[in-house]
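The following exercises are to be worked through with the sequence and the structure at hand. Each task is followed by a solution in steps.

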Amino acid sequence: MATGCNEFIVSGKVIGVGTNKFHDKCFACARCAASLAGQKYAMLPKASGGTSLYCANCTKAVNDEKQAEAMSRIATDAAAAMGTGATPPPSS
Ligand SMILES: [Zn+2]
Ligand SMILES: [Zn+2]
């Protein structure tokens with residue numbers, strides 16, 4: 001079973017990463033679909049379980065998005081606590 005696409009690996013080139021196996025075609029970035037063969041990549045856990053592969057660029061982008069999401073959640077929580085809704089505070 002390929003970790004990348006959850007399909008059985010019947011034939012063809014197989015790329016093994018630790019205990020995970022990938023088809024040649026699914027050893028690609030989950031975000032931009034760039035082939036990761038011979039490239040730097042990261043394996044990040046999926047929210048739905050399993051793992052996704054990301055190229056170096058997308059690893060950074062995904063981490064930035066997570067950070068932005070976390071920060072916007074904090075901002076929303078703070079706004080809700082103040083009872084001001086989503087209106088940003090006036091800049092002085
Ligand atoms: Zn596959
Ligand atoms: Zn990518």
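**Exercise 1.** Leaving aside its neighbours within four places in sequence, with which residues is cysteine 26 in contact?

*Solution.* The model examined here is a predicted one. Two residues are in contact if their C-beta atoms lie within 7 Å. Once the neighbours within four places in sequence are set aside, the contacts of cysteine 26 are Ala2, Gly4 and Cys5. Cysteine 26 also belongs to the largest nonpolar core, which has eleven residues, among them Phe22, Phe27 and Tyr54. The largest share of this core, three residues, is supplied by strand 4.

**Exercise 2.** State which secondary structure elements the protein chain contains and in what order they occur.

*Solution.* Begin with the count: the protein chain has four strands and one helix. Next, follow the sequence from its start; the pattern is β-β-β-β-α.

**Exercise 3.** Determine whether phenylalanine 22 is buried or exposed, and describe its surroundings.

*Solution.* First, locate the residue: phenylalanine 22 is part of strand 2, residues 20–23. Second, apply the cut-off, by which a residue is buried if 20 or more other C-beta atoms lie within 10 Å of its own. Phenylalanine 22 has 21 C-beta neighbours inside 10 Å and therefore counts as buried. Third, list its contacts beyond four places in sequence: Ala2, Thr3, Gly4, Ile15, Val17 and Phe27. Of threonine 3 it can be added that its C-alpha atom is 5.8 Å from that of phenylalanine 22, although their positions lie 19 residues apart along the chain as a separation.

**Exercise 4.** Carry out the same kind of analysis for serine 11: is this residue buried or exposed?

*Solution.* Serine 11 is found in the segment before strand 1. A residue is exposed if 12 or fewer other C-beta atoms lie within 10 Å of its own. Because serine 11 has 6 C-beta neighbours inside 10 Å, it counts as exposed. Its C-alpha atom is 8.8 Å from that of histidine 23, a residue twelve places away in sequence.

**Exercise 5.** Describe how strand 3 and strand 4 are arranged.

*Solution.* Identify the partners: strand 3 covers residues 41–45 and strand 4 covers residues 51–55. The two run antiparallel and are joined by five bridges. Within this pairing, leucine 44 stands opposite serine 52. Now consider the connection: the strands form a hairpin with five residues between them, and glycine 49 in the turn has a positive phi of about 100°.

**Exercise 6.** Which residues other than glycine have a positive phi of about 60° or near 65°?

*Solution.* Recall first that most residues other than glycine have a negative phi. One residue that departs from this is asparagine 6, with a positive phi of about 60°; asparagine 6 lies in the segment before strand 1. Another is alanine 33, whose phi is near 65°, in the loop between strand 2 and strand 3. Asparagine 6 is exposed, with 9 other C-beta atoms within 10 Å, and alanine 33 counts as exposed with 11 such neighbours.

**Exercise 7.** How far does helix 1 reach, and how many of its residues are buried?

*Solution.* Helix 1 comprises residues 56–82, 27 residues in total. From its first C-alpha to its last it reaches 39 Å, close to the 39 Å expected at 1.5 Å a residue. The helix is hardly covered, since one of its 27 residues is buried. Glycine 83 follows helix 1 and has a positive phi, near 75°.

Note on methods. Residues numbered from 1 in each chain as written. Chains lettered and ligands numbered in written order. Predicted model: local features only at pLDDT ≥ 70, side-chain atom pairs only at ≥ 80, totals over all residues. Pairing = 2+ DSSP bridges. Expected span 1.5 Å × (residues − 1). Core = buried A, V, L, I, M, F, W, Y, C linked by C-beta atoms within 7 Å.
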